[in-house]
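Me: I have a two-chain structure on my bench list and would like a close look at one part of it. Could you walk me through chain B, helix by helix and loop by loop, and then show me how that picture connects to the rest?

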Amino acid sequence: MKRLSPFIPIFILLLLPFELNPYWLRLLTSFMLLACLSYSHNLLFYFLGYPAFGGIAFFGFGAYAFSILYNSYNLPFPLSLILGGLSSSLLAILVAPIIMRLKSHYFAIATLALQLCLMELAQNLEITGGTMGIAFNVPKDSNLISYYSSLILLSVLLLLTLFLERSRLGLTIKAIREDEITAMSIGINTTLYRSLAFVIMALFLGIAGGVFSFWNAYVDAPTLFNPMLSVKTFFILTLSLSSPVHGPLLWSFIFEAIFEMLWSRFLVLHGLFLGLAIVLLILTFPKGISWKRF
Amino acid sequence: MEKVLEVIDVKKSFGGNRVLEGVSFSMKKGEIVGLLGPNGSGKTTLLNILSGLVRQDSGEIRFKGIDISRLPPYKRARLGIGRTFQIPKPFWNLKVLENVEIVCHHIQGNVKVEEILKKVGLYELRHRKGSELSLAQRKRLELARSLALSPSLLLLDEIFAGLNPASIREIQGVLKGLKEEGISILMVEHVIKALVGLVDRVLVLHEGKIIYHGSLEGMMEDKEVRRAYLGERYLAFEG
């Protein structure tokens with residue numbers, strides 16, 4: 001039962017759409033996409049100890065790739081999603097030899113630089129629609145498709161996190177996080193595992209970007225490369241430090257609920273209140289909250 | 001006897017600071033060699049070069065006849081070169097058992113983790129986390145991890161430093177057992193007393209050069225070694 005506990009919310013989410021109006025459907029999709037961003041980033045942040053503060057770059061890149069393939073080339077939705085994810089992975093493979101040489105805050109800054117470069121490119125290229133972005137027609141049931149796509153992605157990421165938490169592969173990656181030099185000296189090919197984690201993170205962020213585009217029916221650079229997405233993600237990951245399996249799911253839900261409540265009640269000042277809420281939560285729980293407490 | 005390690009004219013500089021200036025020596029199977037020298041003489045740099053953590057500027061390193069000069073650290077480890085660090089580096093959040101098991105996932109062959117833990121005296125503590133171990137236990141854990149590589153050569157960096165006499169005796173016993181199994185050991189050490197009756201010979205490094213190569217007893221009498229450790233003025237005082 002304990003092993004199944006993270007999947008209880010997934011089962012509930014699986015059945016919920018039949019009871020929900022479009023507003024709640026969109027709100028829950030937004031929550032699941034935030035959880036997907038958190039789990040994807042956690043592959044690098046929690047398991048490997050690399051904070052990809054600009055990991056949103058791969059989210060945006062995958063979103064644009066999806067939008068172009070789905071909108072301009074009329075490829076089917078699932079194929080566009082997968083190709084969007086793979087294009088983000090390809091980008092990760094290309095930049096990994098440079099970025100993965102760096103560690104801690106240097107690594108974080110390099111990923112932020114990548115995010116800003118891609119944002120500038122997206123705003124100036126014709127294929128991405130420049131500052132106008134890309135708007136596209138989505139089918140009538142797009143809310144439901146986005147909902148279930150997010151749910152499938154979330155389930156895969158949850159399974160992957162559980163697998164890494166309990167497998168030999170996860171143990172190896174955690175050893176690199178603990179001490180990379182020692183890991184090398186006991187026969188672990190650290191470059192391979194670091195690059196693998198980076199590429200897998202990019203794959204899932206790219207797919208999440210695709211689902212987001214479809215859900216939003218419009219993409220532009222400020223939306224896709226919005227630093228607020230990174231802030232939200234790393235706030236959730238900080239609170240999830242001691243609970244990498246359940247934490248991102250729980251905190252994404254709480255965060256999205258707080259955000260929605262503030263946004264709907266304080267249209268102008270919601271950013272200020274959100275900032276205060278983040279500071280208070282981080283100060284109260286600097287090492288995160290363990291699921292075991294509940 | 002079969003040569004396990006050959007170090008041929010290895011040189012290394014960090015900026016303008018020449019740390020190793022043409023170091024050459026070899027080791028045979030089952031031999032224990034002490035690598036001594038004053039602080040800053042290049043001992044740890046040499047271990048780092050042998051384990052692949054630092055690349056030499058020139059020279060060659062051969063392990064069991066294979067040129068490993070350009071191999072990355074993980075490939076050298078998989079070939080059978082184990083090492084421990086001056087400051088033990090267990091994986092703090094992993095259990096003792098996991099710390100050793102993780103090595104077995106990356107090498108070929110059938111390694112019995114529990115036997116290794118018994119050999120180094122950590123079997124009873126196998127479910128404790130790395131962070132819960134004392135200094136002596138951490139050093140044993142590092143040794144256990146190196147042994148999980150089924151090594152032919154062990155590079156030990158100050159394994160006796162900070163240990164009490166009882167712990168030193170126990171680790172001496174383990175090392176003697178490894179020698180009997182045919183494992184060669186190159187050990188950097190400052191606790192000279194702990195090497196008595198353990199090492200077959202010693203190398204003394206000073207300012208990046210080997211200034212002495214021979215028995216531990218002979219080293220005590222060597223003028224060059226005394227000058228390196230005690231300085232010119234002390235020798236003049238001795239007459």
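Reply: Here is a walk through chain B, followed by its contact with chain A and a few spots in chain A. Please keep in mind that this is a predicted model.

Let's start with helix α1 of chain B, which spans residues 43–51. This helix is mostly covered, with eight of its nine residues buried. The buried ones are K43(B), T45(B), L46(B), L47(B), N48(B), I49(B), L50(B) and S51(B). Right after α1(B) comes G52(B), with a positive phi near 95°.

Helix α4 of chain B, residues 113–120, gives another picture. Its buried residues are V113(B), I116(B), L117(B) and V120(B). Viewed down the axis of α4(B), these buried residues fall within an arc of 100°, so they line one face of the helix. E114(B) and E115(B), on the other side of α4(B), are exposed. If you are wondering what lies over the buried residues of α4(B), the cover includes α3, α5 (135–147) and α6 of chain B. Just after α4(B), G121(B) has a positive phi of about 75°.

One of those covering elements, helix α6 of chain B, contains G177(B). This glycine is exposed, because its count of other C-beta atoms within 10 Å is 11, and a residue with 12 or fewer is classed as exposed. G177(B) and Q137(B) are 40 residues apart along the chain, and their C-alpha atoms are separated by 18 Å.

Moving on from α6 (165–180), the loop that leads to β8 (184–188) of chain B holds I183(B). I183(B) is buried, since 23 other C-beta atoms lie within 10 Å and the cut-off for buried is 20 or more. Setting aside neighbours within four places in sequence, I183(B) is in contact with G30(B), P151(B), S152(B), L154(B) and L178(B). For L154(B), the separation along the chain is 29 residues, and the C-alpha atoms of I183(B) and L154(B) are 7.3 Å apart.

Further along, K209(B) sits in strand β10 of chain B, residues 209–214. K209(B) counts as partly exposed because it has 17 C-beta neighbours inside 10 Å. In sequence K209(B) and V23(B) are 186 residues apart, yet C-alpha to C-alpha they are 6.1 Å apart in space.

Now for the side of chain B that touches chain A. The contact takes 20 residues from chain B and 15 residues from chain A. On the chain B side, the elements that give two or more residues are α2 (73–79) and α3 (96–104). The largest share of that side, four residues, comes from α2(B). By class, the chain B side divides into 11 nonpolar, four polar and five charged residues.

Both chains also appear in the description of the nonpolar interior. As a general rule, nonpolar side chains in soluble globular proteins tend to be buried together. Here the largest nonpolar core has 150 residues. The residues with the most contacts inside this core are C36(A), A208(A), A144(B) and V204(B). Helix α2 of chain A (residues 22–48) supplies the largest share of the core, 14 residues. Leaving out neighbours within four places in sequence, C36(A) is in contact with S150(A), L153(A), L154(A), L157(A), F204(A) and A208(A).

Two other helices of chain A are worth a look while you are there. Helix α4 (residues 77–99) and helix α9 (residues 190–216) of chain A pack at an angle of about 145°, and their axes are 7 Å apart. The crossing of α4(A) and α9(A) is right-handed. Their contact has 16 nonpolar residues, 10 polar ones and no charged ones.

Finally, here are two backbone details in chain A. Most residues other than glycine have a negative phi. A217(A), in the loop between α9 and β2 (218–219) of chain A, has a positive phi near 60°. This alanine counts as partly exposed because it has 15 C-beta neighbours inside 10 Å. S104(A), which is found in helix α5 of chain A (residues 104–124), also has a positive phi, about 40°, although it is not a glycine. S104(A) counts as exposed, because it has 10 C-beta neighbours inside 10 Å.

Note on methods. Residues are numbered from 1 along each chain as its sequence is written. Chains are lettered from A and ligands numbered from 1 in the order in which they are written. This is a predicted model: local features need pLDDT of at least 70, side-chain atom pairs count only at pLDDT 80 or more; totals for chains, interfaces and linings use all residues. A nonpolar core is a set of buried Ala, Val, Leu, Ile, Met, Phe, Trp, Tyr and Cys residues joined through C-beta atoms within 7 Å. Two residues are in contact if their C-beta atoms, placed from the backbone, lie within 7 Å. Axes are lines fitted to C-alpha atoms, for helices over the stretch in contact, and angles run from 0 to 180 degrees between N-to-C directions. A crossing is left-handed if the near helix is turned anticlockwise from the far one by less than a right angle, and right-handed if clockwise. Ala, Val, Leu, Ile, Met, Phe, Trp, Tyr, Cys and Pro count as nonpolar, Asp, Glu, Lys and Arg as charged, and the others, Gly among them, as polar. The arc is that of the directions from the helix axis to the C-beta atoms.
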